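Trainee: I would like a close look at one part of this protein. Please start from a single residue and work outwards.

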Amino acid sequence: MRIEEGKCVGCGLCISYCPVGAIQLNEDKKNNRKKKVNIDEDQCVECGVCLRAQVCKSQAIYLPELKWPRVARRAFSDPMVEHKETGVPGRGTEEMKTNEVTGRFKRGSWGMAVEVGRPGVGARLWELELIAMALAEKGVVFEPRNPVTFLFADVKTGKLKPELKNEKVLSAIIEFEVKPEQLREVLKILKDISDQVETVFSVDLISFPEEEEKGPALKIAREMGFPVYPNGKVNLGLGRVLNK
């Protein structure tokens, strides 16, 4: 996002709408005005919230043409934008948490996701790369339909295309599948690496609800010190046959 200085009246109404605090009200000595609004381009994630809020009466906020690699910010921060590689808007794949319908994750393995960043915090893509490379070293195979996978220079190592590393996004999701023998090691990697990133991340663990005690996967997570918050989605009205 950008501010057209000639139109900005310095009212500051847009400031509270920025989820990463990139909009500031500063003195404008050059134009002999007391205040003007400025967008920190390095912090801006191109989510478009300030523009869609339509609080700027003078219409000073606008979206410039975004080029690579900055356009990646918008793709992972603006929920209205579809990823050109997947045709799906948002941060991850479709219906990851509706496994009883889609059957993406088979018995004998579990689905996992690492959600890097959050509105109000954001994340640099180098933080995502750090996590992805650590997981890849343990043989994790990343979900090919996830938009993050298209950012890798080498999907086998989790290494990003170098020009992307310092781009900032609201959040991005790494998706993969784990076998029972991998789970403890994967959880240990995530716990160890949490001190090496500056943002926050959460871990999704998708198991089968009919398993004893809500699944051995959750038991392992608790044993390793991960707080477990059971969650799921109810698929009313999808009109699809349940996965068998």
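Trainee: Which residues does Lys191 touch, not counting residues up to four places away in sequence?

Mentor: This is a predicted model, so keep that in mind throughout. Lys191 touches Met224, Gly225 and Phe226, once residues up to four places away in sequence are set aside. Take Phe226 from that list. In sequence, Lys191 and Phe226 are 35 residues apart. In space, their C-alpha atoms are 8.7 Å apart.

Now place Lys191 in the fold. Lys191 belongs to helix H5. Its relative accessibility is 38%, so Lys191 counts as partly exposed. Partly exposed covers the range between the buried limit of 20% and the exposed limit of 50%.

Another residue of helix H5 makes a good contrast. Gln182 is found in H5 too. Its relative accessibility is 18%, and that is why Gln182 counts as buried. Gln182 has its own set of contacts. Leaving out neighbours within four places in sequence, Gln182 is in contact with Lys138, Gly139, Val140 and Glu177.

Next, look at the helices that H5 meets. Begin with H4. The axes of H4 and H5 come within 10 Å and cross at roughly 150°. The two helices are therefore roughly antiparallel to each other. The cut-off for that word is an angle over 145 degrees. The crossing of H4 and H5 is right-handed.

Which side chains should you pick out there? From H4, select Leu130, Ile131, Ala134 and Leu135. From H5, select Val186, Ile189, Leu190 and Ile193, which those H4 residues meet. Sort this contact by class and you get 8 nonpolar residues, no polar ones and no charged ones. A general point helps here. In soluble globular proteins, nonpolar side chains tend to be buried together.

Turn to H6. The axes of H5 and H6 also come within 10 Å, and they cross at roughly 35°. The crossing of H5 and H6 is right-handed. On the H5 side, the residues are Leu183, Arg184 and Leu187. They meet Ala217, Ile220, Ala221 and Glu223 in H6. By class, the contact of H5 with H6 has 5 nonpolar residues, no polar residues and 2 charged residues.

Now step back to the core around these helices. The largest nonpolar core holds 39 residues. Within that core, Ile131, Leu135, Ile174 and Phe176 touch the most other members. Several elements give two or more residues to this core. Among the helices, they are H2 (71–75), H4 (125–136), H5 (180–193) and H6 (216–223). The strands that do so are S5 (110–116) and S10 (172–178). H4 gives the largest share, 7 residues.

Stay with Ile131 for a moment. Leave aside its neighbours within four places in sequence. Ile131 is then in contact with Val114, Val116, Ile174, Leu190, Ile193, Val197 and Phe201. Find Leu190 and Ile193 in that list, and recall that both are H5 residues in the contact with H4. Apart from this core lies another one, of 18 residues. Met1, Ile39, Val45 and Cys47 are among its members.

Three backbone details are worth a stop. First, the peptide bond from Trp68 to Pro69 is cis, with omega near 5°. Pro69 is found in the loop between strand S4 (61–62) and H2.

Second, look at Glu46. Its phi is positive, near 60°, and Glu46 is not a glycine. Glu46 sits in the loop between strand S3 (33–39) and helix H1 (49–52). Glu46 is buried because its relative accessible area is 0%.

Third, Gln59 has a positive phi of about 55°, and it is not a glycine either. Gln59 lies in the loop between H1 and S4. Gln59 is exposed, with a relative accessible area of 61%.

Finish with the whole chain. It has 6 helices and 11 strands. Of its 244 residues, 46% are buried. Now take the contacts with a separation of 6 or more. Residues 24 or more positions apart account for 74% of them. Lys191 and Phe226, 35 residues apart in sequence, give you one pair to look at on screen.

Notes. Residues numbered from 1 in each chain as written. Predicted model: local features only at pLDDT ≥ 70, side-chain atom pairs only at ≥ 80, totals over all residues. Heavy atoms only, no water. Core = buried A, V, L, I, M, F, W, Y, C linked by side-chain atoms within 4.5 Å. Buried < 20%, exposed > 50% of the residue type's maximum accessible area, 1.4 Å probe, protein only. Helix = DSSP H or I, 4+ residues; strand = E, 2+ residues; numbered from the N terminus. Contact = heavy atoms within 4.5 Å. Axes fitted to C-alpha atoms, helices over the stretch in contact; angles between N-to-C directions. Parallel < 35°, antiparallel > 145°, perpendicular 65-115°, else oblique. Left-handed = near helix turned anticlockwise from the far one by under 90°. Nonpolar A, V, L, I, M, F, W, Y, C, P; charged D, E, K, R; others polar.
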